[in-house]
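Reader: Before I rely on the terms used for this model, I would like to see how each one is justified. Could you take me through them?

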Amino acid sequence: MLLFTAAAPPFMKNGFVLACERSREAVFIDPGDEVDELLAVIAEQRLKVRAILLTHAHLDHVSGVGRATRALGAPVWLHRDDQPLYERASAQGTMFGLRIEQPPPVDHYYEGDGPWGRFGDYAVSVHHTPGHCPGGVCLAVRRAAE
């Protein structure tokens, strides 16, 4: 598996791109303020992003979703319990004195715990982990069974 990560001010949280070294299929996880750096990596590595997977909808994890969807045309996934946070991303930014682009509508919601899907030779499972926020999830990635 190929793993790319970046962080950018003001929050310095990590965004991730995971990719299959064979197929070049990828997922973009939590595009925030580092979105441009990771979009450059996606282009340079010639990756085909199948989905934008959000672990939760706090401002620092969604501030780059609009740019990512425009550049990649990939669908956005989120846990339904975080939809109210997602809908108020721009307002979250205002609380920090930041202008944040409101992210585009969510395309799909995770369907409970369990398999999400694949990118190349890798499978992703979703585990609902509320606490940090109502719709927080952990994503487990492993080599898919043949």
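Reader: How much surface does the protein chain expose, and what share of it comes from carbon and sulfur atoms?

Author: The protein chain exposes about 7300 Å², of which carbon and sulfur atoms supply 53%, the areas being obtained by the Shrake-Rupley method with a 1.4 Å probe, and for residues only the protein chains shown count as cover. This is a predicted model, in which local features need pLDDT of at least 70 and side-chain atom pairs count only at pLDDT 80 or more, while totals for chains, interfaces and linings use all residues. Residues are numbered from 1 along each chain as its sequence is written, and side-chain values use heavy atoms, with hydrogens and water left out.

Reader: What makes the radius of gyration agree with that of a compact globule?

Author: The radius is taken over C-alpha atoms, and the globule rule is 2.2 Å times the number of residues to the power 0.38. For 146 residues a compact globule would have a radius near 15 Å, and the protein chain has 14 Å, so the two agree. The C-alpha atoms fill a box of roughly 45 × 35 × 25 Å along the principal axes.

Reader: How many helices and strands are there in the protein chain?

Author: There are five helices and nine strands, where helices (H or I, at least four residues) and strands (E, at least two) are DSSP runs numbered from the N terminus. Along the sequence they follow the pattern β-β-β-α-β-α-α-β-α-α-β-β-β-β.

Reader: Why is Thr 69 called buried?

Author: Buried means under 20% relative accessible area, exposed over 50%, and partly exposed in between (1.4 Å probe, protein chains only). Thr 69 has a relative accessible area of 17%, and is therefore buried. Thr 69 lies in helix α3 (residues 65-72), and its side chain reaches the backbone oxygen of Gly 66 at 3.0 Å, which can be set against the limit for a polar contact (a pair of N or O atoms within 3.5 Å; within protein, one must be able to donate a hydrogen and the other to accept it, and residues adjacent in sequence count only if both atoms are side-chain atoms).

Reader: Which residues does Thr 69 touch, not counting those up to four places away in sequence?

Author: With contact meaning heavy atoms within 4.5 Å, Thr 69 touches Ile 52, Ala 74, Val 76 and Pro 104.

Reader: Is Gly 114 buried or exposed?

Author: Gly 114, in strand β7 (residues 114-119), has a relative accessible area of 17%, so Gly 114 is buried. Leaving aside neighbours within four places in sequence, Gly 114 is in contact with Val 124, Ser 125 and Val 126.
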